[in-house]
Amino acid sequence: MKRVTLFAGHYGSGKTNLAVNWALELKKTHERVVIADLDIVNPYFRTKDSAEMLSAAGIEVISPEFANSNVDLPALPAELYGVVQNRQRHAVLDIGGDDRGAYALGRFTPYILEENDFDMVFVANFMRPLTQTPEDALGVMREIEQAGGIPFTSIVNNTNLGRLTDRETVLSGIKKAEELSKLAGLPLGCTTVEEKLCRELNISGTVPIVLQRRYFDII
Amino acid sequence: MAKVLMKGNEAIAEAAIRSGCRHYFGYPITPQTEIAAYMAKRMPKIGGTFLQAESEISAINMVYGVSSAGLRVMTSSSSPGVSLKQEGISYLAGCDLPALIVNVQRGGPGLGGIQPSQSDYFQATKGGGHGDYRLIVLAPASVQEMADLTAKAFDLADKYRMPAMLLADGTIGQMMEPVELPEDMRTAVYEKPWAVTGTQGKREHNIVNSLYLVPEQLEKKNIERYERYRLYEQNEVMVEEYMTEDADVCVVAFGIAARVSKNAITAARAKGIKAGLIRPITLYPFPKEAIRKAAGHVKGFVSVELSMGQMIDDIRLAEGCAKPVTLCNRVGGMIPSPDEVLKAIEKMEGGEF
């Protein structure tokens, strides 16, 4: 298990959800875990939505100071340098969507590459309109790598259609993720499915994830 | 096309493209920036124009230009940016130019904040710019409706030669839901004999202009325009009624407030309270008839809004103050919870208003 795990991908692919789940998973086997929100693009749904739950679980949370506030000030907190410079903790980095989001990663890239103990995960949802094919997803991967300066090392398939996700959605996602894995020459880490549905479908290779919620379920 | 998972803002952009819009002009502002970002990615691939203008004011005037040439065109912004566009919108109306203006509302007044709001209701439905004019105002309550009403807005704008506003809010702009978009979302072809497309030496030239030096002519123009508005009012009201038939308490809400209210109505019904919802989809024209009809059998209305109470005035006008109307609201970027709406329903049921 690498010290730093970065989650990047097309926006709306489920990066934040995965980052939060991964941090909780890491905490089971590691004493010190920190999750850092590098998203300076997305104004509403973010790591900070789960801050209370994460803190209660003993995970350190670093978010842009103004995240979830009424201030539109896309500034990253200084503590982020601590994440890449102090190697005592296991770190989960939630990168903003697309290349635009990944630019913010650039200033930390030299530290991460120098330490060379990272997993850069591409989160894919093939039900998103601009990444419906493995080829389009590969295009987004390359754009993010260019912007952030870190090569991807693995793929997580998070293909879903929100509450309309069904067996067909998951199976077709796996098929496309396997194609992307071949195209990119990177391993497919796993396929994630919302926990209740994951148990119901019971498809091999799928891993349950808990969805973070900010508001409430609406009809 | 099969279903895909989209953000509300993306759904607007893709639906606009599928409605034949090939010109987008805008300036970034949270929480609608994804519309511009999506257009920036898609437009160059399909031979369209995405242009980030130097300001909102430039963007709306570029819209004026393209619309004058008879093409489908749009701009989008959020509350403070839409205020900047008001002069241009008045000019569009004064020239009878169709166009789509999207407002993904955030808290105000002033710079306000980036969280969701519905406090531009007055601005959208009562004017905003100067002069006698109205806008087509559509209020989506889901990501699917962000797409469907975008297509509808383009059609209505062309049909009635009016600027149309899609009045959304930050929540629906940012949230993700499954949507299905037909390949071609145009429902009709509208001839635009008034457009400035070059005469080829074969006809009199067209003029797009809102300046009238002779007051009699300007008066005539205004009266003609209002005749068209009257037709629009008569023919195009859109409203969703949810469990209103036997309702004792009628909630009136649009956009995200309506989605929250449906949860509250389900909870109220479970408690034996007959609650229903009138959801205006067109804010102009306001669904007066549905309100009037409900006033005949309900104890009262609850207006649920993300504002200090703006639509509530239109409810009172529509029902002629026949029944009490209370306000259930949150502002500044906050959203009323289903519980808060349920409490307001219970109060009305108990005769407390």
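**Exercise 1. In which loop of chain B does B:Arg161 lie? Work out its backbone and its burial too.**

Keep in mind that this is a predicted model.

Step 1: place the residue. B:Arg161 sits in the loop between α7 (143-160) and β7 of chain B.

Step 2: check the backbone. The phi of B:Arg161 is near 50°, which is a positive value in a residue other than glycine.

Step 3: count neighbours. B:Arg161 has 20 C-beta neighbours inside 10 Å, so it counts as buried.

Step 4: set B:Met243 beside it. B:Met243 is not a glycine either, yet its phi is positive, about 60°. It belongs to the loop between β9 and β10 of chain B. With 17 C-beta neighbours inside 10 Å, B:Met243 counts as partly exposed.

**Exercise 2. Find the cis peptide bonds that precede B:Pro31 and B:Pro109, and place each proline.**

Step 1: go to B:Pro31. The bond from B:Thr30 to B:Pro31 is cis, and its omega is near 5°. The loop that holds B:Pro31 runs between β2 (23-26) and α2 (33-42) of chain B.

Step 2: move on to B:Pro109. B:Gly108 and B:Pro109 are joined by a cis peptide bond with omega about 0°. Here the loop is the one between β5 and α6 (121-126) of chain B.

**Exercise 3. Take helices α5(B) and α9(B) and say how well each is covered.**

Step 1: start with α5(B), residues 86-94. Of its 9 residues, 7 are buried, so the helix is largely enclosed by the rest of the structure.

Step 2: name the buried ones. They are B:Gly88, B:Ile89, B:Ser90, B:Tyr91, B:Leu92, B:Ala93 and B:Gly94.

Step 3: look for the cover. What lies over the buried residues of α5(B) includes α3 (56-68), β5 (99-105) and β7 (163-169) of chain B.

Step 4: see what comes after the helix. α5(B) is followed by B:Asp96, which has a positive phi, near 55°.

Step 5: turn to α9(B), residues 215-235. This helix is hardly covered, with a buried count of 1 among its 21 residues. From first C-alpha to last, α9(B) reaches 31 Å, close to the 30 Å expected at 1.5 Å a residue.

**Exercise 4. What is the strand order in the open sheet of 5 strands in chain B, and which helices lie on the sheet?**

Step 1: write down the order. It goes β9-β11-β10-β13-β14 (chain B), and the pairing is mixed.

Step 2: inspect the edges. β9 (239-242) and β14 (325-329) of chain B each have a single partner strand, so one side of each is left without a neighbour in the sheet.

Step 3: add the twist. On average, neighbouring strands of this sheet are turned by 20° against each other, direction ignored.

Step 4: zoom in on one pair. β13(B), residues 300-305, and β14(B) pair in the parallel sense over 5 bridges. B:Glu305 has B:Asn329 in β14(B) as its bridge partner.

Step 5: lay on the helices. α10(B) lies across β9, β10 (249-252), β11 (275-280) and β13 of chain B, and runs at about 165° to β11(B). α11(B), residues 288-295, also packs on the sheet, touching β9, β10 and β11 of chain B, with its direction at about 160° to that of β11(B).

**Exercise 5. Trace the surroundings of strand β5(A), residues 118-124.**

Step 1: judge burial. In β5(A), 5 of the 7 residues are buried, so the strand is largely enclosed by the rest of the structure.

Step 2: take one partner. β1(A), residues 4-9, pairs with β5(A) in the parallel sense over 6 bridges. In this pairing A:Leu6 stands opposite A:Met120.

Step 3: take another partner. β5(A) and β6(A), residues 154-157, pair in the parallel sense over 4 bridges. A:Val121 stands opposite A:Ser154 in β6(A).

Step 4: follow the chain. The path from β5(A) to β6(A) goes through helix α6(A), residues 134-148, as a right-handed β-α-β crossover.

**Exercise 6. How many residues does each chain give to the contact?**

Step 1: count by chain. Chain B gives 28 residues and chain A gives 20.

Step 2: break down the chain B side. The elements giving two or more residues are β1 (4-7), α1 (8-18), α8 (170-174), β8 (176-179) and α10 (255-270) of chain B. The largest share, 5 residues, comes from α10(B).

Step 3: sort by class. The side of chain B that touches chain A has 10 nonpolar, 10 polar and 8 charged residues.

Definitions and conventions:
Residues numbered from 1 in each chain as written. Chains lettered and ligands numbered in written order. Predicted model: local features only at pLDDT ≥ 70, side-chain atom pairs only at ≥ 80, totals over all residues. Contact = placed C-beta atoms within 7 Å. Nonpolar A, V, L, I, M, F, W, Y, C, P; charged D, E, K, R; others polar. Expected span 1.5 Å × (residues − 1). Buried ≥ 20, exposed ≤ 12 C-beta atoms within 10 Å, placed from the backbone. Pairing = 2+ DSSP bridges. Axes fitted to C-alpha atoms, helices over the stretch in contact; angles between N-to-C directions. Right-handed = clockwise from strand over helix to strand, strands pointing away.
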